[in-house]
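Q: Can you walk me through this model? I'd like to start with the contact between the chains.

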Amino acid sequence: MERSDRRPVSRLLHRWPAVRLTLLLATPLAWLLLVYVVALAALLVTAFWSTDSLSGEIDKSTWSLDNFRTLFENEVYRNVTLRTVGVAAAVTVIDVAIALPIAFYMAKMASPRARRWLVVAVLTPLWASYLVKAFAWRAVLSEGGLVEWAGGVLGIESPGYGLPAVIMTQAYIWLPYVILPIYAGLERVPNSLLEAAGDLGASNGRAVRTIVLPLLLPAIIAGTIFSFSLTLGDYITVNIVGGANQMLGNLVYVNAGAANNLPLAATIALVPIVIMLVYLAIVRRTGALENL
Amino acid sequence: MTFSTTTRRLLAVATGLVLLVMYVPLLVVVANSFNANQAMTWPPTDLTVEWWGKAADSAGVREAVWTSVQVALLATLIALVLGTLLGVALSRYSFFGRSSVNLLVILPIALPGVVTGIALANGFRAILGVDLSLWTIVVAHATFCIVTVFNNVQARLRRMGGNLEEASADLGAGVFMTFRLVTFPQLRSALLAGGLLAFALSFDEIIVTTFTAGGGAKTLPIWILENMFRPIQAPVVNVVAVMLIILSVVPIWLAQRLSGDTDALR
């Protein structure tokens, strides 16, 4: 007793878990709320402001829907939005198509030792810099680069820089993000179910279609959230391998920087947010969010 | 369900091919950093270490490396403190709004980079009226690095359970003594792993950085982006890209060995 009397703070904290919890949470929550949540809320507010075209200052006194009107009525923004969603959808479909067989091999066929190696082999490029990966594809697809050289041997023409290159590069960059959740999902599908299906006479194709895929759906959707969301927000890859093409991210960047129109940039940035929220709302019921 | 040998072989070959495609572009960058031909045509006919020497001599590269190291160290430090506090809070207490806090930690990295970037840039410039600098990059990076430390701390504390901490309290240790002598030693390698991941994440981040870096502060990825389109600098960019690969992959390998499981890396 005497000892703990010399440590009033410690005793107080011991007595009151709620005080302990409050002290633990105060700083990190203040940081996340003040830096991030306030910034996101401010983004929404800024979307209703405008920039004075003469002084370049942001006019915070007048609120209007002008930016949203520009966004909906201007054909350029509509086209860029459609193109961005198209690229994100293509990347997602390609990644799922590649990830499914790979993840299946890793989870259900490879030996435990080989499995560990394969997971590390898939994880390592995930952590190599995003920028370096886009740059690597610039080198590979360049004039006189690897693809042109290898294509010359095989008789295939290099796609060069453009939208197909953007889709290839993005599919490449996000592939590990799609493989890993699908692999984790497949590991959770019990082998006994597959054996039972086989014993009851189901062909492999039927077992995959009626047992594996339904169980795997949340994991697949979890993977698509990554590839879709990350592609929607890209603007670096399209600069590096996309030729003259633009995506939503480019419009945000140009308006925030060179065009000095932060309010319009904020409005455009709401487009990927809304698209992602709609997507998340659609897939929420599948239980995909617990697989992230 | 039994698989024919053909199916197994086909899938094994497909897996091998995909892994090959995953690594070839990165290996091309490594090879190009030794390619004597400045236009980097393929295949390289002659090898040279000239570009590596040029990169080492370049003041711009050295400055960018130093900026990146400063940013990554500061962001990691902040992320370590905040991530540990959150990790302890969420794994040792249950309270109203816990899952919201969890979502809040993941959000900065789950939303597209452009959104996080423009939100922070807008917050700094239009709302706070702060000039962009090295410090705005640090704040931005720390915000999305919290999640890596948080994940590692939370996973470790869940696995350890709270028995030792309760025993320590029963034996008369105060709250701080228990943290110092019981909780912290258990967390040490998880913190190192989380810190290494945060460092790697910050070191090669580009999208949020382009929005939150002012004219003055140039990180290594920004240096690459600015010099990529200059034919004269192209060979040196290759060298810097290789350095970036090494500097982001090595901490990951270390972190993976420390945390002992690959799940922590996601």
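What follows covers the interface, one residue and some annotated spans.

A: This is a predicted model, where local features need pLDDT of at least 70, side-chain atom pairs count only at pLDDT 80 or more, and totals for chains, interfaces and linings use all residues. Residues are numbered from 1 along each chain as written, chains are lettered from A in the order written, and side-chain values use heavy atoms, without hydrogens and water.

Q: How many residues does each chain put into the contact?
A: Chain A gives 89 residues and chain B gives 85, with contact meaning heavy atoms within 4.5 Å.

Q: And what area do chain A and chain B bury?
A: About 7,900 Å², 79% of it on carbon and sulfur atoms; buried area is the accessible area (1.4 Å probe) lost on putting two parts together, summed over both. Trp31(A), Tyr36(A) and Trp127(A) supply 11% of the area that chain A buries against chain B, more than any other three residues.

Q: Which helix of chain A gives the most to that side?
A: Helix H3 (residues 17-46), with 19 residues; helices are DSSP runs of H or I, at least four residues.

Q: Switching topic: is Thr81(A) buried or exposed?
A: Thr81(A) is buried, at 18% relative accessible area, where buried means under 20% (1.4 Å probe, protein chains only). Thr81(A) sits in helix H5 (residues 75-109) of chain A.

Q: What does Thr81(A) touch?
A: Leu248(A), Val271(A) and Ile275(A), leaving aside residues up to four places away in sequence.

Conventions:
Helix = DSSP H or I, 4+ residues; strand = E, 2+ residues; numbered from the N terminus. Buried < 20%, exposed > 50% of the residue type's maximum accessible area, 1.4 Å probe, protein only.
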